[in-house]
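This report describes helix packing and selected residues in one protein model. The sequence and coordinates come first.

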Amino acid sequence: MAKQTQAFNAEIKQLLDLMIHSLYSHKEIFLRELVSNASDALDKIKFQSLTQDNLMTPGTELMVRLEPNKEHNTLKITDNGIGMSPEEVVEYIGTIARSGTKKFAQLNQELKERPELIGQFGVGFYSSFMVADKVTLHTQKAGTHSGTLWESKGDGTYTIDEIPRAEGHGTSITLHLKKFEADEEVQDFTDVFVLKSLVKKYSDFIAYPIRMKGETEDETLNSQKALWLKSPSEITKEEYKEFYHHLSHDWNDPIKTIHYKAEGTMEFNALLYIPTQKPWNFNMRDTEYGLNLYIKRVFIMADCKDLLPPYLRFVKGLVDSSDLSLNVSREILQQDRQVTQIRKSVVNKLLGGLKDMLTKERGMYEMFWNEFGATLKEGFPGDMPNKEKLQELVLFKSTASDGWTTLEEYIGRMKEGQKDIYFMTGDDLGKMMDSPYLEKLKEKNYEVLLMADPIDEWVTDSLREYKEKKLQSVTKEDLNLDTEEEKKKKEEETKGFLERFKPLLESMKDTLKDQVKDVNISERLTETPVCLVAGSHDPSAHMQKILSQMGQDKGLNAKRIFEINPKHPVIEKMMSLSADQQKLWTEVLYSQALLNEGSSIPDPKKFSKQLAELMLKQ
Ligand code: ADP
């Protein structure tokens, strides 16, 4: 074959144009792409030589070599991998790689609009044109004797010639680096320190040595340690920890490490860590999260959100897939079925690992829970398919003791005749303990779960029941605490109360008609004269408070029911008061009910005045 000049096809021209005029600041990713191609070529020859003799000289060490040349302003990247035949060069280097073709049309438009995405696309070989104004590729297919020399200035054409390669099989790519203006802030890719740090950053875990000529001898720039590809039995605790520090920049040790390999329909390795402590920026809105994604040991992206649901955002780690195509972008990943499956598997493993910790290392689990429990609970509204698993993992405070309890443990302590799981939400555990809403339950010796995280409102809302026991808020109507017999007795009693207190109830209803839905005889109070309860289908007072803090309570303000304790002397005394006095007392009691549940009263000044008025009456 004589030297020929050929034109790139239209798609390549577009791509080249993009690369050459790219304003993308991370031009350095070209090295990642070329090293990754070299590593693939090494994988291929390694694999093929298993079944094919004479493909390479026995004892050949497979490697990648970097040769910077300051004087000529070039960088040469060489591998002794499988190489390409002339046809392959034309096919692969003259057209967009098979894998890329389909997505190119859409990709091209996207890259024009958002050049920062280039780093996330596997633009492969062509990324060299971001840093070079001429690229020479010399390659020879293993098992053949004719080499191919390909060259292009990225100007729409390339030349191709047949020239054997002195070193035999493999590929060398020489980049004639562009001269960048000082203000373009592009690194010097002939600088050994720059190259070393880039290899560390992107290609440290490539399984073949990446070498560069040092002062006296060749230096290997990558650690080659793809820790996650080793079997867990070969990895020491120290190695796991070291790697965690490197990965997370967290100098504490992780509380749990989960390392596994998925096989079958989908192959990937996952190395996952649960930190001991929240990082300082954990609760900041824009903090990135996600797992690092590798494809066949090549780093693709950090913080890949598609691999981790938000409620597990505290998890650090990586996934190394053998199936995904290198030509992935964040956008493409979102729709990828395999990615969804990987995430599912990762979530399963994590929830399983947490369950394990809960059963075997309770103290550790409680430490974890103190840090990340509130985050994990977001899974209730967020990941309903995993509700069954999450409900086994959730811990609550309760009236039974100072410590944490699981739902399972709560059920184990339920009293005879107790039908439901009782809970109360609020923002202060101490206040909740003294809440009038608990009076009746305390009398019955029923345990109540106390929930003080804002998310708990959503947790209980989606949990609804556990092992066929209903989760019942103590601040809602229909507490249903009594046995059939007690109920009957109560009904009689209540009927009597209703009759006796009818005029008072009417007067109270009239006074509070704008504030409450109804005034009723209470069955839950023993010591307190009044309280407010939410209708069984209405949001609780605490929920309304949270929503109003979030500015989302528009139109919600569901009116509640004002319950009075018919056995309380204050209520009794009210019967004999004048209409005016009844009105005053009702208003004062209503304010007290608000204060008791942790709400604020709308008009504190008026409340104080009313109290003073009552005091003077004595
Ligand atoms: P991709 O790697 O995503 O397929 P590239 O444009 O980087 O896209 O490469 C296109 C193809 O060229 C590769 O799939 C591979 O077949 C071939 N190729 C690239 N670099 C090398 C190399 N160093 N050795 C052998 N083949 C290579």
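The text below covers three helix pairs, then cysteines, then individual residues in loops and helices.

This is a predicted model, in which local features need pLDDT of at least 70, side-chain atom pairs count only at pLDDT 80 or more, and totals for chains, interfaces and linings use all residues. Residues are numbered from 1 along each chain as its sequence is written, and side-chain values use heavy atoms, with hydrogens and water left out.

**Helix packing**

Two packed helices are described by the angle between their axes and the distance between the axes. Helices (H or I, at least four residues) and strands (E, at least two) are DSSP runs, numbered from the N terminus. Axes are lines fitted to C-alpha atoms, for helices over the stretch in contact, and angles run from 0 to 180 degrees between N-to-C directions.

| Helix pair | Axis distance | Angle | Citation |
|---|---|---|---|
| α19 (residues 579-596) and α20 (residues 604-616) | within 10 Å | roughly 125° | α19/α20 |
| α16 (residues 484-511) and α19 | within 9 Å | roughly 65° | α16/α19 |
| α2 and α5 | 10 Å | about 65° | α2/α5 |

Angles under 35 degrees count as roughly parallel, over 145 as roughly antiparallel, 65 to 115 as roughly perpendicular and the rest as oblique. A crossing is left-handed if the near helix is turned anticlockwise from the far one by less than a right angle, and right-handed if clockwise.

The axes of α19 and α20 cross at roughly 125°, and the two helices are therefore oblique to each other. Their crossing is left-handed. Contact, meaning heavy atoms within 4.5 Å, joins Gln581, Leu584, Trp585, Glu587, Val588, Ser591, Gln592 and Leu595 of α19 to Lys606, Phe607, Gln610, Leu611, Glu613 and Leu614 of α20. By class, the α19 and α20 contact has 7 nonpolar, 4 polar and 3 charged residues. Here Ala, Val, Leu, Ile, Met, Phe, Trp, Tyr, Cys and Pro count as nonpolar, Asp, Glu, Lys and Arg as charged, and the others, Gly among them, as polar.

Helix α19 also packs with α16, the axes crossing at roughly 65°, which makes α16 roughly perpendicular to α19. The crossing of α16 and α19 is right-handed. From α16, Leu504, Ser507, Met508 and Thr511 meet Gln582, Lys583, Thr586, Glu587 and Leu589 of α19. The α16 and α19 contact divides into 3 nonpolar, 4 polar and 2 charged residues.

For α2 and α5 the angle is about 65°, so these helices are roughly perpendicular to each other. They cross in a right-handed sense. Ile29, Leu31, Arg32 and Val35 of α2 make the contact with Leu195, Leu198, Val199, Tyr202 and Ser203 of α5. The contact of α2 with α5 contains 7 nonpolar residues, 1 polar and 1 charged.

**Cysteines and burial**

The structure has 0 disulfides, a disulfide being a pair of cysteine sulfur atoms within 2.5 Å. Buried means under 20% relative accessible area, exposed over 50%, and partly exposed in between (1.4 Å probe, protein chains only). Cysteine 304 is buried at 0% relative accessible area, and cysteine 531 is buried at 2%.

Glutamine 581 belongs to helix α19. Its relative accessibility is 15%, so glutamine 581 counts as buried. Apart from residues up to four places away in sequence, glutamine 581 touches Leu614 and Lys617.

**Loop residues**

Aspartate 188 sits in the loop between β7 (170-177) and α5 (192-203) and is partly exposed, with 34% relative accessibility. Beyond neighbours within four places in sequence, aspartate 188 is in contact with Lys70 and Val194. The C-alpha atoms of aspartate 188 and glutamine 338 are 38 Å apart, and the two residues are 150 residues apart along the chain.

Lysine 419 is in the loop between α12 (407-413) and β17 (421-425), and with a relative accessible area of 38% lysine 419 is partly exposed. Leaving aside neighbours within four places, lysine 419 contacts Met414, Lys469, Asn480 and Asp482. Lysine 419 and asparagine 80 lie 339 residues apart in sequence and 73 Å apart, C-alpha to C-alpha.

Most residues other than glycine have a negative phi. Asparagine 54 has a positive phi of about 60°; the residue is in the loop between α2 (29-48) and β2 (64-69) and is exposed at 73% relative accessibility. Asparagine 445 also has a positive phi, near 65°. Asparagine 445 is in the loop between α14 (439-444) and β18 (448-451) and is exposed, with a relative accessible area of 51%.
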